[in-house]
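Work through the exercises below with the sequence and the coordinates at hand. Try each task before you read its solution.

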Amino acid sequence: MKLQEYVSKDLLRQAGVPVPPGEVAETPEQAEAIARRLGPVAVKAQVLVGGRGKAGGIKLANTPEEARQVASQILGMDLKGLTVEKVLVEQQVKIAREYYAGLTLDRSKHCFVLMLSSMGGVDIEEVAATNPDAIVKRWIDPAFGLLGFQIRDAMFDAGFDQDAFKDLQKILAGLYRVMEDNDAMLAEINPLAVTDDGRAMATDAKIDIDDKALYRHPALAQFQSESIDDPIELFATQEGLPYVKLDGNIGVIGNGAGLVMMTLDIIKQVGGSPANFLDIGGGARAEIVRKAIEIVLMNPAVEGIVMNIFGGITRGDEVARGLLEAASTMDIRVPIAIRLAGTREAEGREVLKGSQFTPEPDVAAATKEVMKQIAERRQATAGSHA
Amino acid sequence: MAILIDENTRLLVQGITGREGSFHTAQMKAYGTNVVAGVTPLKGGSEADGTPVFDTVEKAARETGANCSVIFVPPAGAADAIMEAADAGIPLIVTITENIPVHATAHAYEYATLRGSRIIGPNCPGLVSSGKAKVGIMPNQLFKQGHVGVVSRSGTLTYEMVNELTGRGIGQSTTVGIGGDPIIGTSFTDTLKFFDADPDTHAIVLIGEIGGRDEEEAAHYIAGRRGKPVVAFISGRTAPPGKRMGHAGAIITGGEGGPDAKVKAFQAAGVPVADTIGEIGEKIAEILAAPARS
């Protein structure tokens, strides 16, 4: 779960990391009032997209009137498909030097890693691709955490400012605490700035919380709604079902992430276009299957559904019952083809006997069947309009 | 022979009295696995479907000689369960539980590794040595004894693969689901090394997916050794970047984890990459039919 800049900065501030004074505004008038207290400000769109500045989502304002004016431009604007609903109104800082500091997971090494670079303020992925030696890394032992000497070593290697050394060191220790205390998968300060009067502070921050750990951070769970921009994805997440919206017309439901990914690949191979990824997971009960169909049909582009169930924990008869239950309690107007195999496959087929759902032998056949029915319906509709 | 588990496996089930734990314990017994003990705190002294239940792993291991544990404990307690098993000296800890916080897994991985225990998973379907033992949740009816090793990050895709092989009359030595989380205890490369050392395994199927660099590292290992033939598959070839595709670890992020780099790495290592599960079956059948290489 990605946090907005203002939430990330709140977490950093609470951990003793200096950030520019600032407050959130939802109206131009609020922005003006904040600027009256803070002096010259930067008005920053709070949306979870990269390159906000270049897209016109960050503007400077030297007077309260100007702050109101630029806030009225930014609030409500469309930034890469997202509508800006909040701006962070923040005191301007005069930056002398910009660094990068990030903590993220190193999957191969089974632990988190500190990354520092003197090339701050630019996209770190770009630095990694073009100048990997400019990134200094220190791996963190989970039992002992990020140690003081590791921070100092990395700072020396990265060539951090020695005048602001102690302040920068404290910031990095605070960043680590924020990651550890909040189950962050990514905690990044970029730029990590030294101002022209020698103060170190986090002028931008990105924090991504492990979704699986939200149960132990109830205070952060409230921000989930502003971390997911698609309303169907948000609804599915709240129902505990992994859903990703895609741009096709064939809804997809399956059990197991790898299986659903392969289902999408096969649908494309046979010339179809998937409308979503939806994994009902292991141990799925009838109710979850019903919920899954409901979620897939929330997308108006869906003209048919392919279900791919291969049972392990999930039992074929439960899936079959879920399908029938859904059919009897919902108004399903699109064709559904199902491929069912694995644990309790025979019982599942037995349950479906005599129903409208004919199990297909494989995903390609199920997809072709759904595509055929979609084409027939389109033709019938076209015919009735003629 | 087989790898990791066989007829000498003495299995302990952590979370044996839960819904999934009890269902799958019965399934594992039906497959012929020697389930010697269960652990559920405060239920020690009772029995679960004929298996003695203990309060702690330490006591269960001491009294039954268990040498492998399978974990069905819910996410909030699963990392602790892994560490309890490692502390009791269980050498192989198969973690089925999904949705364990990554920071908790990092701790459990370090704790177990320092004590010499190997973790399979988490978020995995377990493993089966065909005809010998099953630890986990894979459907019993799919497996057939034979000489193909299968290793996969996905649960259900593994079943697809085994179903395909068995349907062609091709048996498996051991099938390992290594799990879909960002941190897993046993990598593709670790598993390939076990298969290379197993005289009963003649060819290997590797089923990868988007996310991370485990496939690239496996390709690097394969390129540098003279070992058994491998056929690979990558799922999520059409997945969009930046989106987590179900598995916590299945995400293309920061320029890492895309399917093209994985496919290229395997091809550069001389490993054919199949487009469908059926195609893997065909290639494996060709490999097994070819005269033994000298």
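Two strands pair if DSSP finds at least two bridges between them. Keep that cut-off for the first exercise. The model is predicted.

**Exercise 1. Strand 11 of chain B**

Task: Find the bridge partner of B:Q145 in strand 11 of chain B, then work out how strand 11 of chain B is placed in its sheet.

Solution.
- Step 1. B:Q145 has B:Q172 as its bridge partner in strand 11 of chain B.
- Step 2. Strand 10 and strand 11 of chain B run parallel, and five bridges join them.
- Step 3. Now take strand 8 (residues 126-129) of chain B. It runs antiparallel to strand 11 of chain B, with four bridges. Here B:S129 is partnered by B:T174 of strand 11.
- Step 4. Strand 10 (residues 145-152) of chain B also pairs with strand 12 (residues 203-209) of chain B, in the parallel sense, over five bridges. B:V150 has B:V205 in strand 12 as its bridge partner.
- Step 5. Put the pairs in order. The open sheet of seven strands in chain B reads 9-8-11-10-12-13-14, and its pairing is mixed. Strand 9 (133-136) and strand 14 (273-274) of chain B are the edge strands, each pairing on one side only.
- Step 6. Check burial. In strand 11 (residues 172-177) of chain B, six of the six residues are buried, so this strand is largely enclosed by the rest of the structure.

**Exercise 2. A four-stranded sheet and its helices**

Task: Which strands of chain A form the open sheet of four, and in what order? Then describe how helix 2 of chain A packs.

Solution.
- Step 1. The order is 2-7-3-4 in chain A, and the pairing is antiparallel.
- Step 2. The edges are strand 2 (22-25) and strand 4 (58-61) of chain A. On average, neighbouring strands of this sheet are turned by 25° against each other, direction ignored.
- Step 3. Look at one pair. Strand 3 (residues 41-45) and strand 7 (residues 87-91) of chain A run antiparallel, joined by five bridges. The bridge partner of A:V43 in strand 7 is A:V89.
- Step 4. Helix 2 of chain A packs on this sheet and touches strands 2, 3, 4 and 7 of chain A. Its direction makes about 15° with that of strand 7 of chain A.
- Step 5. Add the second helix. Helix 2 (residues 28-38) and helix 3 (residues 64-74) of chain A pack at about 145°, with axes 8 Å apart. Their crossing is right-handed.
- Step 6. List some contact residues. Helix 2 of chain A gives, among others, A:A31 and A:A35; helix 3 of chain A gives residues including A:A67 and A:A71. The residues of this contact divide into six nonpolar, one polar and five charged.

**Exercise 3. Helix 6 of chain A**

Task: Compare the expected span of helix 6 of chain A with the distance between its end C-alpha atoms.

Solution.
- Step 1. Helix 6 covers residues 165-182 of chain A, 18 residues.
- Step 2. At 1.5 Å a residue, the helix should span 26 Å; the end C-alpha atoms are 26 Å apart, which agrees.
- Step 3. Map the buried residues of helix 6 of chain A. They include A:L168, A:I171, A:L172, A:L175 and A:M179.
- Step 4. Read on past the helix. A:D183 follows helix 6 of chain A, and its phi is positive, near 55°.

**Exercise 4. Two residues and an interface**

Task: Is A:P300 buried or exposed? Classify A:C111 as well, then describe the side of chain A that touches chain B.

Solution.
- Step 1. A:P300 sits in the loop between helix 11 (286-297) and strand 17 of chain A.
- Step 2. A:P300 has 8 C-beta neighbours inside 10 Å, so it counts as exposed.
- Step 3. A:C111 lies in strand 9 of chain A. It has 19 C-beta neighbours inside 10 Å, so it counts as partly exposed. The cut-off for buried is 20 or more.
- Step 4. Beyond four places in sequence, the contacts of A:C111 include A:W139, A:I140 and B:A106.
- Step 5. Now the whole contact. Chain A gives 40 residues and chain B gives 45 residues. Helix 10 of chain A supplies the largest share of chain A's side, nine residues.
- Step 6. By class, chain A's side has 21 nonpolar, 11 polar and eight charged residues.

Note on methods
Residues numbered from 1 in each chain as written. Chains lettered and ligands numbered in written order. Predicted model: local features only at pLDDT ≥ 70, side-chain atom pairs only at ≥ 80, totals over all residues. Axes fitted to C-alpha atoms, helices over the stretch in contact; angles between N-to-C directions. Helix = DSSP H or I, 4+ residues; strand = E, 2+ residues; numbered from the N terminus. Left-handed = near helix turned anticlockwise from the far one by under 90°. Contact = placed C-beta atoms within 7 Å. Nonpolar A, V, L, I, M, F, W, Y, C, P; charged D, E, K, R; others polar. Expected span 1.5 Å × (residues − 1). Buried ≥ 20, exposed ≤ 12 C-beta atoms within 10 Å, placed from the backbone.
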